[in-house]
Amino acid sequence: MGIVGVEHDHQWLEVSFGDGTAASFLGTWLRDNIPAGRHRGGGQRTFDINSMPEVTLAGASHDTDSVTVSFDPEGLDAMFDEAWLRHHDPTRTTTTGVNPPPTLWTSDLQGSLEFVDFEALVADSRQLRGWLVGLRDYGFGLVENVPTTPGSITRVVDLFGYLRQTNYGNLFEVRDEPDPANLANTRLGIGMHTDNPYRDPVPGLQLLHCLVNVSNGGDSQLCDGFTVAERLRSEDSAAFELLSSQPVRFRFLDEGSTDLQAIVPLIQLDTAGQVVEIRYNSRSIQEFAMPPDVMAGYYRAYRVFGEMLHDPRARIDFRLDPGQLMVFDNQRVLHGRSAYEQGERHLQGCYADKDALHSRIRVLDAA
Ligand code: OGA
Ligand code: ZN
């Protein structure tokens, strides 16, 4: 195809390609991105914007594969490849949506739940990629045949990222205990929630691995908080508006050692209005502090959201048996468990971050 023409004024370079397309590049942008300004190792830029002179375009020439540009006042020449110019054409590439949009789900997903064999994930990078993409897009993933020796959960983390240590340690235990400080360590049911909303940043991923389950209950539940937030947005926009704008406080206090606090709206939006995070946890949300004209409306909105999050049509239910493990996006997918009265149940849990998961998928895609 090749480059068939270049034109420029002081500010802009226009490049015409053999396929009839053209692209415009700002001189400053070109100077900022000169090949010689990148380190040969990892391609990192070697200078800051403030050390770059203000430039004008003094000249431009081309052959089929490249354009050479001269910058004033430096008298600097730089060559840009056709492929590079096409790939980085600033009007065609975007910096939004570094990951694909989430695949939203409801209880309809119940029929297609699938636990993937742990050893298959370890041994087969194609299977691993498929499972990681599912985790990214659906916000959860299920594994079976993870060894029930305590600590094996970290081998699942090793498949995609790094353990996130917290004040609870590297791993935490979820089992009935004699004098529990946390609902986790009782046989009580736990309503839908995200973990650790009092942390900044919130752990992006949570893993729960079943070591023992001979209880007469203790089923696991997951709910896509993004689906529910979109339902709220379409059915009760006033409630959505309040929950996505009014901050509330979360806190975890362990006298003498820990006092974690965060103040955020329950539904967090990005600058385009897309839902990017849900925090919801009745155990750690604090007394609301808001003006009288907001309080009653906020309670109404909070109740409506809470009802939607606990609607059976919004969730999937399953039992984790020994060796089974779930991973979920703790900023999107809420989890809960049903009560049990008898028998033993022991899960190990831990946290990880999502950035390494996304990185792992890109590396597998590039392989
Ligand atoms: C928790 C929790 C899940 C379970 O303690 O926060 O979500 O299945 N436990 O016991
Ligand atoms: Zn939890």
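1. Is Thr166 buried or exposed? In this predicted model, Thr166 has a relative accessible area of 12% and is therefore buried, the cut-off for that class being under 20%. The residue sits in the loop that runs between strand 9 (163-164) and strand 10 (172-175). Its side chain reaches the backbone nitrogen of Tyr168, at a distance of 3.0 Å.

2. The zinc ion, ligand 2, is coordinated by the NE2 atoms of His193 and His335 and by an OD atom of Asp195, at 2.1 to 2.2 Å. Along the chain these donors follow the spacing H-x1-D-x139-H. Asp195 belongs to the loop between strand 11 and strand 12 (205-213), whereas His335 belongs to strand 20, so this pair ties together parts that are 140 residues apart in sequence.

3. Two of the zinc donors merit a comment on their accessibility and their contacts. Asp195 counts as buried because its relative accessibility is 10%. His335 counts as buried as well, at 6% relative accessibility. The side chains of His335 and Asp195 make a polar contact of 3.1 Å. A polar contact of 3.5 Å also joins the side chain of His335 to that of Gln206.

4. The surroundings of ligand 1 include the zinc donors: His193, Asp195 and His335 are among the residues around this ligand. The other residues around ligand 1 are Val174, Ala184, Ile190, Leu208, Arg283, Arg337, Arg345 and Leu347. By class, the shell consists of five nonpolar, four charged and two polar residues. Strand 11 (190-193), strand 20 (333-337) and strand 21 (345-352) each contribute at least two residues to this shell.

5. Three arginine side chains approach oxygen atoms of ligand 1. For Arg283, an N or O atom of the side chain is 2.9 Å from an oxygen atom of the ligand. For Arg337, a polar side-chain atom lies 2.8 Å from a ligand oxygen atom. For Arg345, the corresponding distance from a polar side-chain atom to an oxygen atom of ligand 1 is 2.7 Å. On its own, ligand 1 has 290 Å² of accessible area, and the protein covers 96% of that area.

6. What span should the 14 residues of helix 4 (residues 125-138) have at 1.5 Å a residue? The expected value is 20 Å, and the end C-alpha atoms are 19 Å apart, which agrees. At the start of this helix, a side-chain oxygen of Asp124 reaches to within 2.9 Å of the backbone nitrogen of Arg126. Just after helix 4, Gly139 takes a positive phi of about 85°.

7. The buried residues of helix 4 are Leu128, Trp131, Leu132, Val133, Leu135, Arg136 and Asp137. The list therefore includes Arg136 and Asp137 under the cut-off for burial, which is less than 20% relative accessible area.

8. Helix 8 (residues 292-309) contains 18 residues. From its first C-alpha to its last the helix reaches 26 Å, close to the 26 Å expected at 1.5 Å a residue. Its buried residues are Val294, Tyr298, Ala301, Tyr302, Val304, Phe305, Gly306, Met308 and Leu309.

Methods. Residues are numbered from 1 along each chain as its sequence is written. Chains are lettered from A and ligands numbered from 1 in the order in which they are written. This is a predicted model: local features need pLDDT of at least 70, side-chain atom pairs count only at pLDDT 80 or more; totals for chains, interfaces and linings use all residues. Side-chain values use heavy atoms; hydrogens and water are left out. A residue is near a molecule or strand if one of its heavy atoms lies within 4 Å of it. A polar contact is a pair of N or O atoms within 3.5 Å; within protein, one must be able to donate a hydrogen and the other to accept it, and residues adjacent in sequence count only if both atoms are side-chain atoms. Accessible areas come from the Shrake-Rupley method with a 1.4 Å probe; for residues, only the protein chains shown count as cover. Helices (H or I, at least four residues) and strands (E, at least two) are DSSP runs, numbered from the N terminus. Ala, Val, Leu, Ile, Met, Phe, Trp, Tyr, Cys and Pro count as nonpolar, Asp, Glu, Lys and Arg as charged, and the others, Gly among them, as polar. The expected span of a helix is 1.5 Å times one less than its number of residues. Buried means under 20% relative accessible area, exposed over 50%, partly exposed in between (1.4 Å probe, protein chains only). Donors are N, O and S atoms within 2.8 Å of the metal (3.2 Å for Na, K and Ca); water is not among the atoms, so sites may look incomplete.
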